[in-house]
Amino acid sequence: MPAGEDSLAHRRHVWSRVIPQSQYSLTNRLDLEKIFGRNAPLHVDLGCGDGSFLRAVAHSMPEKNFLGIERLHGRIRSSERKTVDQSNVRLLQIESSYAVCYLLPAGSVETFYLLFPDPWPKRRHHPHRLVTPDFLNSVHVALQKNGVIYIATDHLDYFRKIQDIAESNSSLAFAELDVELPPTGFELIFRQKGTPIHWLVLRKISPVK
Ligand SMILES: C[S@@+](CC[C@H](N)C(=O)[O-])C[C@H]1O[C@@H](n2cnc3c(N)ncnc32)[C@H](O)[C@@H]1O
């Protein structure tokens, strides 16, 4: 093997932020202390895309652990490259609702970010949308007391639907956008086009059942 390839393989082995399959199973909750090598408040970026936001937000809060979840392999690789020097980041290539419902321990998450989830604009595709009553119930269970989920979308119809679902969930309360978050890749594109962006912040108000 040429020297260059060897050092690249070594670098990937040492620095990859992608959680290896040996460190989790699809039928058990994640062992977060083992995965991050420390105990710290957990922030989860659902559908982390190319990892730009994850890199920036993890850099701004080194005292927190950040988990990026993304279903597309290419975007996981891009996130991996972007967060290579960010020791508080881990990445998992998996479907978000499965991870929230079955892999995250109850009460383990301080903050979720769901930024520009795929809107599936055609009516017949609405069943593919991530935010459903069951999804918000799973978010509620995974959140710690007073934990929050930040949701942003450019799609007004999806935004209203999410508002409706949230209104009927009595364990999550509407809250103010009280932090300045770094822009995501998609947010920058929408801002350039002048597209309005709709934000929703939900805070857990009841303990894990
Ligand atoms: C519109 S992009 C937004 C990416 C990033 N959050 C941003 O704002 O730049 C949506 C991302 O979520 C991912 N995604 C969509 N549905 C998903 C799901 N159910 N589970 C995991 N990732 C998903 C897509 O592959 C894509 O990378």
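Let's start with one small pairing in this predicted model: A173 has R203 in β7 as its bridge partner. Right beside that, F174 is matched with L202 of β7. These contacts belong to a longer run, since β6 (residues 172-175) and β7 are joined by four bridges and pair in the antiparallel sense.

Now look at R203 again, this time from the other flank. V148 also has R203 in β7 as its bridge partner. V148 sits in strand β5, which covers residues 143-153 and runs antiparallel to β7 (residues 198-204), with six bridges between the two. That gives us β5, β7 and β6 in a row, and they are part of something wider.

Step back and you'll find an open sheet of seven strands, in the order β3-β2-β1-β4-β5-β7-β6, with mixed pairing. What about the ends of that row? β3 and β6 stand at the edges and have a single partner strand each, so each of them has one side without a neighbour in the sheet. The sheet isn't flat either: ignoring direction, neighbouring strands are turned by 20° against each other on average.

Next come the helices that rest on this sheet. Helix α3 lies across β1 (42-46), β2, β3 and β4 (109-115), and runs at about 175° to β2. Helix α4 packs on the sheet too, where it touches β2 and β3, and its direction makes about 170° with that of β3.

Stay with α4 for a moment, as its two faces are easy to tell apart. Which residues of α4 are buried? In this helix, residues 73-82, they are I76, S79 and K82. These three are on the same side of α4, because they cover an arc of only 120° around the axis. Among the elements that cover them are α3 (52-60), β2 and β3 (89-93). Turn to the face pointing away from the buried side and you meet the exposed residues H73, G74 and R81.

Last, have a look at the ligand. It has 20 residues around it, and G47, G49, S96, T184 and F186 come nearest. The elements giving two or more residues to this shell are β2 (65-70) and α8 (185-193). Of these, α8 provides the largest share, with three residues. So what is the shell made of, class by class? Nine of its residues are nonpolar, five are polar and six are charged. Strand β2, then, turns up in several places on this tour: in the sheet, under α3, against α4 and in the shell around the ligand.

Conventions: Residues are numbered from 1 along each chain as its sequence is written. This is a predicted model: local features need pLDDT of at least 70, side-chain atom pairs count only at pLDDT 80 or more; totals for chains, interfaces and linings use all residues. Two strands pair if DSSP finds at least two bridges between them. A residue is near a molecule or strand if its C-beta atom, placed from the backbone, lies within 6 Å of it. Ala, Val, Leu, Ile, Met, Phe, Trp, Tyr, Cys and Pro count as nonpolar, Asp, Glu, Lys and Arg as charged, and the others, Gly among them, as polar. A residue is buried if 20 or more other C-beta atoms lie within 10 Å of its own, exposed if 12 or fewer, and partly exposed in between; C-beta atoms are placed from the backbone. The arc is that of the directions from the helix axis to the C-beta atoms. Two residues are in contact if their C-beta atoms, placed from the backbone, lie within 7 Å. Axes are lines fitted to C-alpha atoms, for helices over the stretch in contact, and angles run from 0 to 180 degrees between N-to-C directions.
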